[in-house]
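Trainee: Got a minute to walk through this one with me? I'd like to go from the overall build down to a single element.

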Amino acid sequence: MAAHRNIVILTGAGISAESGLRTFRAADGLWEDHRVEDVATPQAFRRDPDLVQRFYDVRRANILAAQPNPAHDALARLDREWRGELLIVTQNIDDLHERAGARRVLHMHGEGLSAWCTACDARHPWTGILRDEPPCPACGAAALRPDIVWFGEMPYRMDETFAALARADVFVSIGTSGAVYPAAGFVQEATSHGAATLELNLERSQGSRWFDETRLGPASELVPEWVEELLQRED
Ligand code: APR
């Protein structure tokens, strides 16, 4: 295979599961005891801001308590050593890719450790709580919300992602159920531009049939194996 190929990697909740952060689609259909429409929509935030802020205050605390696992470490290694183009597009709001050392990361669904001021549009790194309505450090308004893309809102930086998918030689999806668009459509987009596609997941996902290859198992094992394989082949 030719050197310096372009890689796009999509990650979902499954890559952080072994760091102790729960995935979304548990068997009971609830997300941390809430229906998703009660906590992850703009309507929910208008209806009951306190409930939504408390929910994300807990998510933020969990993120801070979690540590990267060998899957995050392996992608950080790939980012360091890969001489071609590489983009990790994550649906996750945790910062475990960055804490493992990855740099080429795009958070399409926002970031748990960021607060967004709906009055002045500023974004601020945030590790504390938001339920007590702290003032925006830029404008002073008590108008901070989690910097999260909720259902019904537009994912961030889709132009960059689709441009990378159009150039990709390899597309890899890790730990995502393929239930939420637009991310669920990335595999078909990459395929239409000629990329080879690989899925690494604990179980077959809703999108498995679109991939050239699916490997089943825990991300902490599959991802380091795949990265090693790829870097060996490049030598
Ligand atoms: N290793 C690999 N895969 C795993 C592991 C693991 N240790 N544990 C779980 N998985 C797999 C599950 O089998 C499942 O297919 O990860 C996937 C997680 O799927 P979801 O919970 O649906 O998470 P995700 O695909 O990231 O959700 C997408 O939905 O609620 C929204 O915005 C939220 O970004 C999220 C989006």
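**Overall build**

Mentor: Sure. With 235 residues, a compact globule would have a radius of gyration near 18 Å, and the protein agrees with that because its own value is 18 Å. Keep in mind that this is a predicted model.

Trainee: What box do the C-alpha atoms fill?

Mentor: Take the box along the principal axes. The C-alpha atoms then fill roughly 55 × 40 × 30 Å.

Trainee: How many helices and strands are there, and what share of the residues is buried?

Mentor: The protein has nine helices and nine strands. Buried here means under 20% relative accessible area. Of the 235 residues, the buried share is 51%.

Trainee: What share of the contacts joins residues 24 or more positions apart?

Mentor: Count just the contacts with a separation of 6 or more. Of those, residues 24 or more positions apart account for 65%.

Trainee: How far apart are the mean positions of the positive and negative charges?

Mentor: There are 24 positive and 36 negative charges in the protein. Their mean positions are apart by 1 Å.

**Helix 5**

Trainee: Which residues of helix 5 are buried?

Mentor: Helix 5 runs over residues 70–81, and its 16 Å reach from first C-alpha to last is close to the 16 Å expected. Its buried residues are Ala71, His72, Ala74, Leu75, Ala76, Leu78 and Asp79.

Trainee: And what covers those buried residues?

Mentor: The cover includes both strands and helices. Among them are strand 1 (7–11), strand 2 (86–90), strand 7 (170–174), helix 1 (14–17), helix 6 (96–100) and helix 9 (219–234).

Definitions and conventions. Residues are numbered from 1 along each chain as its sequence is written. This is a predicted model: local features need pLDDT of at least 70, side-chain atom pairs count only at pLDDT 80 or more; totals for chains, interfaces and linings use all residues. Side-chain values use heavy atoms; hydrogens and water are left out. Helices (H or I, at least four residues) and strands (E, at least two) are DSSP runs, numbered from the N terminus. The radius of gyration is taken over C-alpha atoms; the globule rule is 2.2 Å times the number of residues to the power 0.38. Buried means under 20% relative accessible area, exposed over 50%, partly exposed in between (1.4 Å probe, protein chains only). Contact means heavy atoms within 4.5 Å. Lys and Arg count as positive and Asp and Glu as negative; His and the chain ends are not counted. The place of a charge is taken as NZ of Lys, CZ of Arg, CG of Asp or CD of Glu. The expected span of a helix is 1.5 Å times one less than its number of residues.
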